[in-house]
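Please walk me through this structure in the viewer, one selection at a time. For each stop, say what to pick and what is found there.

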Amino acid sequence: MAKTSGELERLLTLIPFLNSRQGQPVQDIAAELGISQARLLKDLDSLCLYGTPPFGPNDLFMATVDEQGRLEMAYTEQFAAPLHLLPNEAMALRMSLLPLLAGSSGAYGKTVKGILDKIDRALLPQDRLAVDHLDEKIMAAAPGSANPGALETLRQARRQNVQTEIEYYSGSSGQSSSRTIEPYGFVMFNGSWYAVAFCHKSREQRTFKVSRIKQARLLKQRYQIPEGFDINKFAQGHIFKPTGNEQKVVLWFSPAIARWILERNAQATKNRDGSASLSLMAQNFAWIARWVLLYGPEARIIEPKEARDEVKKIIAGAL
Amino acid sequence: MAQQKTERLLELVSLLLKHRRPVPKPEIRRLLPHYQRLSGPSFDRTFERDKRELRSLGVPLKVYSIESGEEVDNPARAAKYEAQELGYLIDHQEYYLPRLDLASEEWAVISLVCAGPQSPAAKDQAKALASLAQKIGCQKPGGNERRSEIGLSANARPEAAAEAKVLGRLQQAVKEGVSIRFSYHSIQRDAKDQRQADPYLLIYNAGVWYLIAYCHKRKEVRTFKVSRIQELKLLNGQPRFNVPKDFDKTKYLGRKAWEMGGGLVVPITLKVKPESAWLIKKELGPQAAWNKGTDRVTITVSNPDPFIRWAAAHCDQVRVEQPEEMARQVKVRLQQVLKIYQN
C-alpha cells in the first residue's frame, strides 16, 4: 500500500511541475528535477498511459517532446497546480532553515521568517494548528559570538559589488588589522558564518570568519566576481582552501577527554591506551594553541615546535 | 497490481478535479474501467479503501447529497443515504496549493536548502524537501536567476549522522507533546542507560542540536545532546504531556556552559585587555555587567570548571581579579600546561 501511495504522490507532484515547465528544453527540466534525461523521458512515456474518464480523445494525458527538444503537455489542465503542502513538508523546510537563523537575526533572519510565515499560511487550517507555537518549541539559539551587523554590511557590499574595508581579528597576533576585501559569497558552516572574499592584503581569495570582523565599512571602488565562481560549489568542498604553506600539526588528547574529541572530529583516531590523536594541516597555529589550551593538561601539541611555542607565547602574555 | 492501483487512483483524482459538481458513486463506477470489472460488494470495499488512501495523502475528498447539494461530513449520516444519492467531489480551494508570492531572495534561500547537502541518514526529510521543492517550484518565475550569494556546507561532524537518525521523530514528539523512551549515552560516564522523558524544546546551537526534556528518572529538566540519543521510541499510547507553565525556555537559549551548573552562584570580576574587549564582550554575552569607562566586567558563574577552562585559554586577554581563589585555580592550570611544554 505504501508503495502505491508513494507513486501516486509522486505523480500528483510531478504532473503540475511538468505543466509549469511546458515549452522548456527537457534537458533543463531533468536537471532541475535532479534526474537523468532518460529517466524523465521514461516518466513522460508512462504519463501517456493515463487519462481522465470517460477517456475521450481529449481525455488522454499527452506528454511529448517536440523537434527542438521542448516539453509539450496536453489534457492535464486539472493538474495545473499541485496538491497543497503537507505538514511533514513544511516541517522539513522549517528544520533545514533553522541553522540559517542561528546567529544572523539581522541578516537572513528576516528572509527565513518571511518564508516560514508564507509556508504556514499556505497550509490547510487543520495542519496550521499543528505547527502553531512550534517556533517556541523548536528554535535556534543565537550564539554570543554572532555578528549580524558585519554580515549585513558584507551582504550589502556583495549586492552592490563595492569593496569593503574590514577590521579583522587575527588569532596569531591577537590584534585586529585593517584590510580591503571583495566579498564573493557567504557560507554557513557548523553554525558559523564565513565570508569568501578576495583579499587585497594577501592578494588572494580567502575565507573570513564573520564573528572575527570587528568593523566593516563600504568603500566606493567596485569589483567583479570572477565568472566561474559558484558559492554553492565552493561550500561543498573544504571551506578553507589549502595555500600550500600549511604544516602538519599533531595533537594528543588524554583518555579522560578522548571521547569528546572523537565525537566532534571525524579525523581523530583512538589509540590503544584510550587516548586520541588528531593530525591536521594548518598555517596559523594560534587558534590551535588556544583550542588545546581549553583542555589544559589533558591535551597537548606534539609537533611542530612552532605550534608548541605558540602555547608558551599565550601563557607568557598572561595578564 | 500496484501499477493498476496507481492508475485507478490517479484517474479518480483526475475525474473528480475536472468535474466541479459531486459525481454520484454509481457514475464513478461506470466511468472507471477498474471499478467496472469488480462485483458489487468488491467494488464497495475497494472504493472505501481508495477514499481512505486519498484522504491520507491529503486529498480533500468530500461527500455531498445529490438532492440537497449539502455536504454530508459524517459517516453515520452518510449511511442513511442510498449509494446513488451521494456524490463525491474534490474541493478545489483546499486541494490546490495557493500562490505563495515568494520574493526573489526567499526563492534563493529555499532552493539553497532544498538542493543543499542532505545527510544520507535523514531520508524522510530529504524526500519531504524534494517534494516541497517541486510543488512550490511550479510557481517559480522564469528568467535568469541571480547568482546565489550563500552556500551551505555539508556538516562533516560525525555527530551529524547520529542527529539525523532521530531528529525527525524528536521534532514530532516535541510538536505533539508525546513522551519518549530512549537509550542515552552519557559521555561523562561513558555508559548507556534507558531514559523516559517529556521533550519540551529542541535547540540548535552553534551547529549542534540539543533536547531540553523533563527526565522521569532524575525528576528534573535536563539537557540532552541529540546525537547521543539512540533507540528512540515515541510513547504514543500514553497520555500527552503539557509543558509546565513555569518552564522558562530562555534559561536554555544562548547560555554559557558556566551558567548552566546547579552550583552556588559566584560573581567574578575580570579585567579585559582593551584591544580584545569587543571580542570578549561578544563571547560573554548580554549577561555580563561592564563597569562603565573601565575594562572591568562582572559575570556570574554557577559551574566553575568550564569557566576556569575558558579563562585559561584566554589568559592573554582576560585576568580574573576576584575572587582570588578562582584566579589561583586558573594560574595553577596554566602552570601545569607550561610544564608540559618546557620538558
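Select helix α8 of chain B, residues 123-137. Its buried residues are B:Gln125, B:Ala128 and B:Leu129, followed by B:Ser131, B:Leu132, B:Ala133, B:Gln134, B:Lys135, B:Ile136 and B:Gly137. This is a predicted model. Put a distance between the end C-alpha atoms of α8(B): they are 21 Å apart, and because 15 residues at 1.5 Å a residue should span 21 Å, the two values agree.

**Two crossing helices in chain B**

Next, select α1 (residues 2-18) and α4 (residues 40-56) of chain B. Their axes come within 11 Å and cross at roughly 75°, which means that α1(B) is roughly perpendicular to α4(B). Show the side chains where the helices meet: B:Arg8, B:Leu9, B:Leu12 and B:Val13 from α1(B), and B:Asp50, B:Glu53 and B:Leu54 from α4(B). Sorted by class, this contact has 4 nonpolar and 3 charged residues, and no polar ones.

Keep B:Val13 in view and add B:Ile90, which touches B:Val13. B:Ile90 is in strand β3 of chain B, residues 86-90. Is B:Ile90 buried or exposed? B:Ile90 has 25 other C-beta atoms within 10 Å, and because 20 or more is the cut-off, B:Ile90 counts as buried. Leaving aside residues up to four places away in sequence, its contacts also include B:Leu16, B:Leu17, B:Val59, B:Pro60, B:Leu61 and B:Tyr95. For a pair that is apart in space, pick B:Leu38: its C-alpha is 24 Å from that of B:Ile90, with their positions 52 residues apart in sequence.

**Domains and the contact between chains**

Colour chain B by domain: domain 1 is 2-95, domain 2 is 104-137, domain 3 is 158-254 and domain 4 is 258-342. Taken over C-alpha atoms, the centres of domain 1 and domain 3 of chain B are separated by 43 Å. Then colour chain A in the same manner, with domain 1 at 2-79, domain 2 at 87-136, domain 3 at 148-236 and domain 4 at 247-316. In chain A, 56 Å lie between the C-alpha centres of domain 1 and domain 4.

Now show both chains together. How many residues of chain B are in contact with chain A? The number is 91, and they meet 96 residues of chain A. On the chain B side, α1(B) gives the largest share, 12 residues. By class, that side has 49 nonpolar, 18 polar and 24 charged residues.

**Helix α7 of chain A and what covers it**

Move to chain A and select α7, residues 148-160. This helix has 13 residues and reaches 18 Å from its first C-alpha to its last, close to the 18 Å expected at 1.5 Å a residue. Buried within α7(A) are A:Ala150, A:Leu151, A:Thr153, A:Leu154, A:Arg155, A:Ala157 and A:Arg158. Add strands β4 (162-170), β5 (175-189), β6 (192-199) and β8 (213-222) of chain A, which are included in what covers these buried residues. Just after the helix, A:Asn161 takes a positive phi of about 55°.

From β8(A), pick A:Leu218. A:Leu218 has 13 C-beta neighbours inside 10 Å and so counts as partly exposed. Its contacts, not counting residues up to four places away in sequence, are A:Thr153, A:Gln156, A:Ala157, A:Val162 and A:Thr164. A:Gly237 is 19 residues from A:Leu218 along the chain, and their C-alpha atoms are separated by 29 Å.

**Backbone stops**

Most residues other than glycine have a negative phi, and most peptide bonds are trans. The remaining selections depart from that pattern.

- A:Pro53 and A:Pro54 are joined by a cis peptide bond, with omega about 10°. Find A:Pro54 in the loop between α3 (37-47) and β1 (62-65) of chain A.
- A:Glu303 and A:Pro304 are also joined by a cis peptide bond, with omega about 0°. A:Pro304 is in the loop between β12 (299-303) and α11 (305-316) of chain A.
- A:Tyr75 has a positive phi, near 65°. Look in the loop between β2 (71-74) and α4 (87-101) of chain A. A:Tyr75 counts as partly exposed, with 19 C-beta neighbours inside 10 Å.
- B:Lys219 has a positive phi near 55°. Its loop runs between β7 (208-215) and β8 (220-225) of chain B. With 8 C-beta neighbours inside 10 Å, B:Lys219 counts as exposed.

Notes. Residues are numbered from 1 along each chain as its sequence is written. Chains are lettered from A and ligands numbered from 1 in the order in which they are written. This is a predicted model: local features need pLDDT of at least 70, side-chain atom pairs count only at pLDDT 80 or more; totals for chains, interfaces and linings use all residues. Helices (H or I, at least four residues) and strands (E, at least two) are DSSP runs, numbered from the N terminus. The expected span of a helix is 1.5 Å times one less than its number of residues. A residue is buried if 20 or more other C-beta atoms lie within 10 Å of its own, exposed if 12 or fewer, and partly exposed in between; C-beta atoms are placed from the backbone. Axes are lines fitted to C-alpha atoms, for helices over the stretch in contact, and angles run from 0 to 180 degrees between N-to-C directions. Angles under 35 degrees count as roughly parallel, over 145 as roughly antiparallel, 65 to 115 as roughly perpendicular and the rest as oblique. Two residues are in contact if their C-beta atoms, placed from the backbone, lie within 7 Å. Ala, Val, Leu, Ile, Met, Phe, Trp, Tyr, Cys and Pro count as nonpolar, Asp, Glu, Lys and Arg as charged, and the others, Gly among them, as polar. Domain bounds come from an automatic or database domain assignment.
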